[in-house]
Amino acid sequence: MDNDKKLKIGFPHLGNYWVGFKEIASMLDGEIIMPPAMTRRTIDIGSKQSPDTACVPYKYTMGNFLECLDKGANVLIQAGGTSCRYAYYGEVQEVALKKMGYNFTMIKFTSDKFSILKALLTFKKMNPNLGYIRMFRGFWIAYKKFKSVEIIEDIIRKNIGFEIEKGLFEKTFAKFLNELDNAHEFKAIDEITQRYEKECKEIPVDKPEDLLRVGILGEFYVTIEPFSNFFIEKELGKRGVEVHRFVCLTNELEKSVFKRKIIKKYLKLASPYLKHHIGAHATETVGLAVDLIKKDFDGLIHIKPFGCVPEVSSMSILHKISKDFSVPIIYFSFDAQTSETGVKTRIEAFYDMLKMKKNKKHGK
């Protein structure tokens with residue numbers, strides 16, 4: 001890429017974390033190229049340029065990269081990554097896209113290899129006018145925005161199924177994202193977070209005493225990106241379920257710094273079902289499953305890309321946990337051919353089963 005060419009920076013979708021990714025991309029002082037909203041086209045074009053054996057996170061992000069490049073991007077940021085093969089997708093995608101004739105620079109962030117120093121040097125090389133203080137500040141503001149999104153999303157997914165005025169949570173969240181996107185100071189981000197946290201908690205809801213609580217576990221990408229899992233959280237909310245999700249980006253970033261400590265924590269939760277780390281998020285999946293069941297959750301949903309080896313390893317353990325505690329767990333594997341209708345039908349059946357089990361427990 002020519003040194004005097006204007007930088008146009010694109011990155012893939014990952015839920016609502018784009019507000020933080022934009023903050024990171026802005027440090028390159030170029031034009032930010034947002035990929036269009038996720039559609040069926042995204043995975044179709046991504047799948048055409050992906051190996052058949054690649055999982056859907058590869059195909060969706062490949063589709064996002066192609067959409068950004070076609071809009072004029074000449075810098076791509078690989079946002080995200082885990083300790084599974086997802087961590088190497090940036091390298092493979094870069095080679096594949098350049099073979100297709102695209103001219104761009106790829107900046108790769110993966111939690112397994114992440115180094116703040118490496119990131120600083122990469123950004124400094126691409127934008128020599130960028131100072132180190134501004135870089136540290138930019139990454140910290142991005143982290144604050146990630147955390148802010150998680151706080152507000154958590155309140156909403158637990159309450160949206162019980163709102164009295166339908167659509168009010170979604171309208172409030174849209175306003176929150178718009179304000180957060182335009183905030184670039186620590187104080188402003190804190191103020192927005194606190195204000196919307198209070199506003200969301202004040203939205204009138206009607207929760208029954210015997211409500212259903214469901215926890216969502218599984219692989220990083222398809223758990224976080226709602227389009228890739230056909231908006232499972234929203235489908236549960238429509239049926240009056242209190243939804244809890246524990247996989248999030250800030251946990252992933254913290255894991256890259258405190259990996260041993262966090263793995264030790266999840267192994268302790270997973271005892272006696274696990275004694276050793278089994279890779280990627282699988283240890284976390286097992287540990288959380290045991291913990292949530294002990295906290296009287298009514299059911300768990302395990303989601304993963306088709307062929308995800310670490311999560312496949314956790315499934316046999318989850319089956320045993322489900323049997324030992326008599327708590328239902330439903331499993332979803334997503335690929336480019338997964339039917340949205342099939343997912344919704346299985347969610348409906350799972351909900352009906354949980355409801356009948358709950359009614360029986362309360363003698364109804």
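These are legends for a handful of close-up views of a predicted model.

**View 1. Y58 and Y89 meet edge-to-face.**
Scan the whole structure for aromatic pairs and you get 13 of them. In this one, the ring centres of Y58 and Y89 are 4.8 Å apart and the planes make an angle of 85°. That clears the edge-to-face cut-off, which is over 60 degrees. Y58 comes from helix α3 (residues 56-70) and Y89 from helix α4 (residues 89-99), so the pair ties together parts that are 31 residues apart in sequence. As for solvent, Y58 and Y89 are both buried.

**View 2. W140 and Y143 stack within one helix.**
Here the rings of W140 and Y143 sit 5.3 Å apart, centre to centre, with just 10° between the planes. Helix α6 (residues 132-159) carries both W140 and Y143, and their spacing of three residues is about one turn of the helix. Buried or exposed, where does Y143 fall? Y143 is buried, at 18% relative accessible area, a value that falls under the 20% cut-off. W140, on the other hand, has 47% relative accessibility and therefore counts as partly exposed.

**View 3. Four rings make up an aromatic cluster.**
Look for F11, Y17, F21 and F146, which together form one cluster.

**View 4. Lysine charges sit over aromatic rings.**
Two spots are worth a zoom here. At one of them, K98 puts its charged end over the ring of F104, 5.3 Å from the ring centre. At the other, the charged end of K124 sits over the ring of Y132, with 5.4 Å to the centre.

**View 5. The largest cavity has a mixed lining.**
How many cavities of 30 Å³ or more turn up in a search of the whole structure? The search finds three, and the largest cavity holds about 50 Å³ of space. Around that cavity you'll find K255, I263, Y266, H277, A280, H281, T283 and E284. Helices α12 (259-270) and α13 (282-294) are the elements that give two or more residues to this lining. By residue type, the lining splits into three nonpolar, three polar and two charged.

**View 6. T285 reaches E311 through a side-chain contact.**
T285 is part of helix α13, an element that also contributes to the lining of the largest cavity. With a relative accessible area of 2%, T285 is buried. The side chains of T285 and E311 make a polar contact at 3.2 Å.

**View 7. V214 and L300 bring separate parts of the chain together.**
V214 belongs to strand β5 (residues 212-218) and is buried, at 1% relative accessible area. Along the chain, V214 and L300 are 86 residues apart, yet their C-alpha atoms are separated by 5.4 Å.

**View 8. D298 contacts both a backbone and a side chain.**
Where does D298 sit? Its place is in the loop between α13 and β7 (299-305). D298 counts as buried, because its relative accessibility is 14% and the cut-off for buried is under 20%. Two partners show up around the D298 side chain. One is R213, whose backbone nitrogen lies 2.8 Å from a polar atom of the D298 side chain. The other is K358, whose side chain makes a polar contact of 3.0 Å with the side chain of D298.

Technical notes
Residues numbered from 1 in each chain as written. Predicted model: local features only at pLDDT ≥ 70, side-chain atom pairs only at ≥ 80, totals over all residues. Heavy atoms only, no water. Phe/Tyr/Trp six-rings, centres within 6.5 Å; stacked < 30°, edge-to-face > 60°. Helix = DSSP H or I, 4+ residues; strand = E, 2+ residues; numbered from the N terminus. Buried < 20%, exposed > 50% of the residue type's maximum accessible area, 1.4 Å probe, protein only. Lys NZ or Arg CZ within 6 Å of the ring centre and 35° of its normal. 1 Å grid on protein atoms, 1.4 Å probe; cavity = no way out; pocket = protein on both sides within 12 Å on 5 of 7 lines; lining within 4 Å. Points joined across faces, edges and corners; volume = space filled by probe spheres on them. Nonpolar A, V, L, I, M, F, W, Y, C, P; charged D, E, K, R; others polar. Polar contact = N/O pair within 3.5 Å; in protein donor to acceptor, adjacent residues only side chain to side chain.
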